[in-house]
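Colleague: I am new to this protein, and I would like to understand how its descriptive terms are arrived at. Could you show me the model and take me through the reasoning?

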Amino acid sequence: MLRNRSSSSSSRCTRRESHRRSRVFFVRERKKKSVKERQKEKERETARPDNMSRQVDDCINGDGEPKVRQLSLVVSEHAVIEGATEILKVIRPHWCRDNVRFKLFTDGITNKLVGCFHEPKEDDSKADKSEFQDVVLIRVYGNKTDLLIDRRKETENIQLLHRYGYAPALYATFTNGLAYEYVPGVTLTPSTVQLEAVWPLVARRMAQMHKVRPDGPADSYKSALPAKMDQFLRLVPNRFTDPRKDERVWNVFPSVAALRDEFEELYARLLQTGSPVVFCHNDLLLGNVIYDEARSRVTFIDYEYADPNHQAFDIGNHFTEFAGIDDIDYGRYPGRDFQLRWLREYLEEFNGKSNPVTDADLQQLYVQVNQYALASHFLWAVWALIQAEHSTIDFDFVQFGAARFLEYRRRKEEFLALAFAN
């Protein structure tokens, strides 16, 4: 949940990134390959017929799944467009560089994202009409985000959800990023997320995702929340490199040990609500929801933190995101009436037609969601402290983390006082 806060289409992921070109924009990872292996690779590349190289991602593996190219490249965050150009040479070898338009997206606070739009000239008689709509997104991971995110699991999550039609296609991975399908539409905002044409789509899509069962033994299906919080707390420095950040942080937050004790107490309380464990996105901020008005459809993106978790965490986390990122206003947190309508829409999809939603179901989920919203605030507050130390993105992570933590403290007593009849 770096936060991908990497997010989206025209709002998709990334803070202001310089357009300055860098002389060195990528380096090849050193791999221990024999001369024979390297020669074979070279022969395969030079022997590939032109008509076979048009769509590298259309190759199919033995399981009938599109192949995901694995590239040994590192793209500099200071030269994302140049690095994207090199990646396109592999995954879109038929694209003419003169016909590619690049757009840096600037609203995320974790990663760098560039859209690569293939726009053949109208008088190009050889151009396939479908190519006018061909777009590739290339995401470059933020500095030190590998400390927080299991990148192998992320790619597995994207491929799993793509099979269900819930995530974009993944074209390639490289050492510090991904190349994947562009999803048409716009990211949500604090205003559009509550529109009658939009929020039911989000509720139903989340319910559908929550019914996905990842591969693996059922007995290993447990919430990732406590382990993720433990991981985050271990990464928070006792003293920040920047003295000004250090002072600002500890004027708001207690010690790491105190944070750990408080979360363990909170989580023990939350477990008593009995929220089931489902497959969760875990980072459904507004920038990670793409709304396609023409098709009346929403798509969730950026599955960096997707994992089994409590159902109520995913919903409560989404509700906390109504406040926004750049201009946080927790007055936008949805009220009871809106939540109950949202939750009914969700439960009708999640339960299925054969299990009508009761008032008791709604009241129970309402309590669970608001109490797990506290865990969301806590998690992202701690996450922000790690980002404050390591991120190179131009964003005030200390302020963001403090806002989340203070809102957690402000709402804690109120939300924990909620109850439902068993």
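Modeller: What follows is a short conversation about this predicted model, moving from the whole chain to one residue and one pair of helices.

Colleague: What makes up the secondary structure of the protein, and how many of its residues are there?

Modeller: The secondary structure comes to eleven helices and 13 strands, while the protein has 422 residues, of which 53% count as buried.

Colleague: Why is Asn317 called buried?

Modeller: Asn317, which lies in helix H8, residues 311-320, has a relative accessibility of 0%, and since buried means under 20%, Asn317 therefore counts as buried.

Colleague: What makes the pair Asn317 and Trp380 a polar contact?

Modeller: The side chains of Asn317 and Trp380 are joined at 2.8 Å, which is set against a limit of within 3.5 Å for a pair of N or O atoms, and the pair is accordingly listed as a polar contact.

Colleague: Why are H4 and H8 called roughly antiparallel?

Modeller: The axes of H4, residues 199-210, and H8 cross at roughly 155° and come within 11 Å; because angles over 145 degrees count as roughly antiparallel, H4 and H8 are therefore described in that way. The crossing in which H4 passes H8 is right-handed.

Colleague: Which residues of H4 and H8 meet?

Modeller: From H4, Val202, Met206, Met209 and His210 meet Gln311, Asp314, Ile315 and His318 of H8.

Key:
Residues numbered from 1 in each chain as written. Predicted model: local features only at pLDDT ≥ 70, side-chain atom pairs only at ≥ 80, totals over all residues. Heavy atoms only, no water. Helix = DSSP H or I, 4+ residues; strand = E, 2+ residues; numbered from the N terminus. Buried < 20%, exposed > 50% of the residue type's maximum accessible area, 1.4 Å probe, protein only. Polar contact = N/O pair within 3.5 Å; in protein donor to acceptor, adjacent residues only side chain to side chain. Axes fitted to C-alpha atoms, helices over the stretch in contact; angles between N-to-C directions. Parallel < 35°, antiparallel > 145°, perpendicular 65-115°, else oblique. Left-handed = near helix turned anticlockwise from the far one by under 90°. Contact = heavy atoms within 4.5 Å.
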